[in-house]
Amino acid sequence: MSTPTHIGIIMDGNGRWAEALGHNRLFGHVRGARVAKNIIEGCAARGIKFLTLFAFSTENWLRPSEEVSLLMRLLFLRLNRERSNLIRNNIKFRCIGNLERLPLEVRNTVLKTVRETDHCTGMTLTFALSYGGRQEITGAVRDIAQLVKSGRLDPDEITTEMVAGHMESAFLPDPDLIIRTSGESRLSNFFLWSAAYSELLIVEKMWPAFTLTDLDAAIQEYDGRERRFGRTSAQLPASSSEPTSEL
Ligand code: IPE
Ligand code: IPE
Ligand code: MG
């Protein structure tokens with residue numbers, strides 16, 4: 001069976017889930033956080049090496065301030081509560097995104113969790129927080145432009161591998177599988193660069209209703225996909241890895 005090395009999840013539908021039950025959107029986020037814990041531990045137990053959760057996008061800052069505050073508070077409380085569990089489960093916690101925009105106490109909690117799980121050697125759990133794929137690419141472009149400006153790099157030497165290496169998420173392999181809950185068929189600015197050949201799976205359920213059974217079904221579905229990376233079916237599986245050379 002082929003299992004994904006890196007799963008990315010766009011945890012969508014908290015608000016609609018809550019409203020359908022007659023609650024306000026915030027209740028959906030509270031339940032969504034609980035589901036995130038379950039899925040994190042489920043992925044670790046299944047031997048997934050990298051899990052990235054899209055927790056808050058660059059564009060989510062545009063939401064009503066009451067909702068943004070609740071999401072920040074929730075993050076603060078959950079990370080403080082779960083830190084010891086992450087360590088016990090040998091999970092290394094990382095973050096990608098613009099942490100500068102987070103309230104100071106939340107940023108400190110995030111950084112403390114990164115620091116205190118740094119020695120962990122099991123699954124790498126990355127939160128995409130205040131994250132946008134376009135912003136990440138822009139950051140890489142800015143870094144490379146600096147190298148050119150300072151005379152240390154000739155533009156003709158710029159390769160796709162070099163661009164990838166300047167991404168904030170360069171420590172992660174490309175996501176093999178990206179799951180989005182709530183039935184929406186879009187990336188919403190998640191991993192625009194490294195999702196080039198990710199298998200996409202849209203799940204109809206809202207995130208607070210997502211279960212370990214759904215996770216297993218997603219992994220099963222991935223196993224049935226044929227990843228061709230531009231080649232023909234007949235060329236597989238002798239050379240089924242992604243082409244990396246410059247074309
Ligand atoms: C996902 O659920 C959580 C975040 C984006 C932070 P939503 O809050 O987007 O819920 P819906 O999509 O409006 O139902
Ligand atoms: C994407 O969900 C971001 C997260 C799940 C954190 P959104 O609910 O923000 O995306 P759109 O606005 O429906 O595209
Ligand atoms: Mg949404």
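I take buried to mean under 20% relative accessible area, exposed over 50%, and partly exposed in between, with a 1.4 Å probe and protein chains only. With that rule I looked up Asp12, which is buried at a relative accessible area of 16%.

**Ground rules**

I note that this is a predicted model, in which local features need pLDDT of at least 70 and side-chain atom pairs count only at pLDDT 80 or more, while totals for chains, interfaces and linings use all residues. Residues are numbered from 1 along each chain as its sequence is written, chains are lettered from A and ligands numbered from 1 in the order in which they are written, and side-chain values use heavy atoms, with hydrogens and water left out.

**Entry on salt bridges**

I counted a salt bridge wherever a side-chain nitrogen of Lys or Arg lies within 4 Å of a carboxyl oxygen of Asp or Glu, and by this rule I reached 19 salt bridges. Asp12 has such a bridge to Arg16, with the closest N and O atoms 3.3 Å apart; Arg16 itself is partly exposed, at 33% relative accessibility. I then asked which residues are linked with Asp12 and Arg16 in a network of salt bridges. I found that Arg180, Glu184 and Arg186 belong to that network.

Arg63 pairs with Glu67 in a salt bridge whose closest N and O atoms are 2.8 Å apart. Of these two, Arg63 is partly exposed with a relative accessible area of 29%, whereas Glu67 is buried with 7%.

**Entry on ligand 1**

For surroundings I called a residue near a molecule or strand if one of its heavy atoms lies within 4 Å of it. By this measure 13 residues surround ligand 1, and the closest are Met11, Asp12, Arg16, Arg25 and Arg63. I also looked for polar contacts, meaning pairs of N or O atoms within 3.5 Å, where within protein one atom must be able to donate a hydrogen and the other to accept it, and residues adjacent in sequence count only if both atoms are side-chain atoms. Backbone atoms supply several of them: an oxygen atom of ligand 1 lies 3.3 Å from a polar backbone atom of Gly13, a backbone N or O atom of Gly15 is 2.9 Å from a ligand oxygen, and for a polar backbone atom of Arg16 the distance is 2.7 Å. The protein covers 87% of the 380 Å² of accessible area that ligand 1 has on its own, where accessible areas come from the Shrake-Rupley method with a 1.4 Å probe and, for residues, only the protein chains shown count as cover.

**Entry on ligand 2**

Around ligand 2 I listed several residues, including Met11, Asp12, Phe54, Asn60, Arg63, Arg180, Arg186 and Ser188. Which distances separate its oxygen atoms from side-chain atoms of Asn60, Arg63 and Ser188? I read 2.9 Å for an N or O atom of Asn60, 3.2 Å for one of Arg63, and 2.6 Å for a polar side-chain atom of Ser188. Taken alone ligand 2 exposes 390 Å², and the protein buries 78% of that.

**Entry on Phe54**

I used DSSP runs for the elements, helices being H or I of at least four residues and strands E of at least two, numbered from the N terminus. Phe54 lies in strand β2, residues 50–57, and is buried at 8% relative accessibility. Its C-alpha atom is 8.9 Å from that of Asp12, although the two are 42 residues apart along the chain. Taking contact as heavy atoms within 4.5 Å, and not counting residues up to four places away in sequence, I found that Phe54 touches residues including Ile9, Ile10, Met11, Tyr131, Leu187 and Phe190.

**Entry on helix α3**

Arg78 is found in helix α3 and is joined to Glu82 by a salt bridge of 3.5 Å, N to O. The two are separated by about one helical turn because they stand four residues apart in that helix. Arg78 is buried at 17%, as is Glu82 at 12%. Beyond its neighbours within four places in sequence, Arg78 is in contact with Ala33, Arg34 and Lys37.

Arg83 also lies in helix α3, residues 65–88. Which side chain of opposite charge is nearest to Arg83? It is Glu116, 4.3 Å away, and Arg83 is buried yet has no salt bridge. I did find polar contacts from the side chain of Arg83 to the side chains of Asn80, at 2.6 Å, and Thr113, at 3.1 Å.

Conventions:
Lys, Arg positive; Asp, Glu negative; His and termini not counted.
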